[in-house]
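Colleague: I am new to reading protein models, and I would like to learn where the labels come from. Could you take me through one?

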Amino acid sequence: MIKCLKGNILFSETPEKLTVKANSYLVIEDGLVEGIYDNLPEKYKNCEVTDYGDKLIIPGFMDVHIHAPQWLNKGVGYSVELLPWLEKYTFPLESKFKDEDFAKKYYEAFVDELVHSGTTRACIFASRHYEATKLLINIMQKSGIGGYVGKVNMDRNSSPELQETYEDSVNETIMLAEEFSDCNKNNDLVKLILTPRFVPSTTSELMEKLGEIAEKYNLPVQSHLDENLDEVAWVKELHPDIPSFAEVYEHFGLMPKDRTIMAHCIHNNDREIEILKKHNVLIAHCPISNFNLASGIAPIRRYMNEGMDIGLGSDISGGHTMYMPDSCVAAVSASKMYHVAHNEYAPLSFSEAFYLMTKGGGKFFGKVGSFEAGYECDALVIDDTNIPKIDNMTLEERLEKYIYTGSRDNIVKIYCRGNEVK
């Protein structure tokens, strides 16, 4: 099936600059970008064109780290740091998702907000509850957007209401893997991702078994790494025989090459950076959460200089907004503050941050997040007419102004893999 969208097309092939195609045609065939044309080729003369006039057409937003059951808590509890925040706010809320009616109501609201925020792909932590995780996967599949959903594994150091047993964690993860992993090709757009919450919440026995499950079912893995200094010290106490936080995941087979996301990565040492590079781990940079919970500022310029893959995460509810342009802006701001203390690392440019929000995070989902030929066509149509502008602004300037001052209300149409979502 062939579709054609017409408008002002902007996207990032590389971090260094935006590709801009004014008043052009975006041709989509079977969900993939076929090409962009100044004038529609003769072979597409009978193709129905959806003409968006002077509106902007950009890639969908990628959120590579978000906690669905924490949606109710966004905006609450930021006077404390990570570990007490988990105990006081997060664990009590997540324990409520054992109630399927409760889970259904709030997961439907969560996914609705995700869609209307322009996120077309997301890597999502559910809770540790099997039935609620299945619910979330099914709701995501019906939404039309894509991504990965993980049942959280946690058999130690949690509240009694939330902590699971080793046996339940393993058995329920395997049941989900049988239904929703890459081994089941019927679930193409939304699939399972293995999700040990973080090292302090998973015993060595469980991590070892999860590593075996990851290998058997070809599952990707998501977790947290070096977010908070107290957390780093705690991991060292729990695993004194393993040199670093990252090496705990590596030791237990929880860093499958090209298929691992580690969120935050604020306090990585040189040894850990080399490990992440070896496994081609994608870093989920969550600047708003890092501000809110006083975790620190990730050295993103260093990681970019090292050639590492990076995407942006909202980290609800460490972060307080699901609207990814807010994280894009925060990434630029964080890099400027980091530059003040580390002059050798230049701040991020707008085009670099936009790249991280689109193609950078999109790499984890395949050829996603760009309008290059052969990429899955995730697209947003942006009407910026209500945003005050000076005369003769370039399209790049209009996009930057939208990202900084616009809202989800400026998104008038959403496509995921070429299909209209909203």
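Modeller: Here we go label by label, and please keep in mind that this model is predicted.

Colleague: Let's start with L136. Why is L136 called buried?

Modeller: Buried means under 20% relative accessible area. L136 has 0% relative accessibility, so L136 counts as buried. You will find L136 in helix 3. Leaving aside residues up to four places away in sequence, L136 touches A68, Y107, F110, V111, I124, A126 and V149.

Colleague: What makes D30 exposed?

Modeller: The label exposed asks for over 50% relative accessible area. D30 has 57%, so D30 is exposed. D30 sits in the loop between strand 2 (17-29) and strand 3 (32-37). Its phi is near 50 degrees, which is a positive value in a residue other than glycine.

Colleague: And why does N157 count as partly exposed?

Modeller: Partly exposed covers the range between the 20% and 50% cut-offs. N157 has 33% relative accessibility, so partly exposed is the label for N157. N157 also has a positive phi, of about 55 degrees, although it is not a glycine. The loop that holds N157 runs between strand 8 (152-153) and helix 4 (166-180).

Colleague: Now the sheet. What makes strand 5 and strand 9 edge strands?

Modeller: The sheet is open and has 4 strands in the order 5-6-7-9, with parallel pairing. Strand 5 (61-67) and strand 9 (190-192) each have a single partner strand, so one side of each is left without a neighbour in the sheet. From one strand to the next, the twist averages 20 degrees.

Colleague: How do you know that strand 5 and strand 6 pair?

Modeller: Two strands pair if there are at least two bridges between them. Strand 5 and strand 6 (residues 119-125) are joined by 5 bridges, and they run parallel. With 5 bridges against a cut-off of two, strand 5 and strand 6 therefore pair. One example to look for is D63, whose bridge partner in strand 6 is A122.

Colleague: How do you know that helix 3 packs on the sheet?

Modeller: Helix 3 (residues 130-143) touches strand 6, strand 7 (146-150) and strand 9. Contact here means heavy atoms within 4.5 Å. The direction of helix 3 makes about 180 degrees with that of strand 7.

Colleague: Let's turn to the empty spaces. What makes a space a cavity rather than a pocket?

Modeller: In a cavity a 1.4 Å probe fits but cannot get out, whereas a pocket is open. The structure holds 2 cavities of 30 Å³ or more. The largest cavity has a volume of about 110 Å³, and the second largest has about 40 Å³. The largest pocket has a volume of about 240 Å³.

Colleague: Which residues line them?

Modeller: The largest cavity is lined by 14 residues, and H67, L82, L86, H224 and E227 lie nearest its centre. Helix 1 (residues 82-95) gives the most to that lining, with 3 residues. The second largest cavity is lined by A298, P299, I300, R301, S335, Y338, Y345 and A346. The largest pocket has 17 lining residues, of which Y148, K363, F364, F365 and G366 lie nearest its centre.

Colleague: How do the classes divide in the lining of the largest pocket?

Modeller: That lining has 5 nonpolar, 4 polar and 8 charged residues. For the second largest cavity, the lining divides into 6 nonpolar, 1 polar and 1 charged.

Technical notes: Residues are numbered from 1 along each chain as its sequence is written. This is a predicted model: local features need pLDDT of at least 70, side-chain atom pairs count only at pLDDT 80 or more; totals for chains, interfaces and linings use all residues. Side-chain values use heavy atoms; hydrogens and water are left out. On a 1 Å grid over the protein atoms alone, a cavity is a set of points where a 1.4 Å probe fits but cannot get out, and a pocket is an open set with protein on both sides within 12 Å along at least five of seven lines; lining residues have an atom within 4 Å of a point. Grid points are joined across faces, edges and corners, and a volume is the space filled by probe spheres set on the points. Ala, Val, Leu, Ile, Met, Phe, Trp, Tyr, Cys and Pro count as nonpolar, Asp, Glu, Lys and Arg as charged, and the others, Gly among them, as polar. Axes are lines fitted to C-alpha atoms, for helices over the stretch in contact, and angles run from 0 to 180 degrees between N-to-C directions. Buried means under 20% relative accessible area, exposed over 50%, partly exposed in between (1.4 Å probe, protein chains only).
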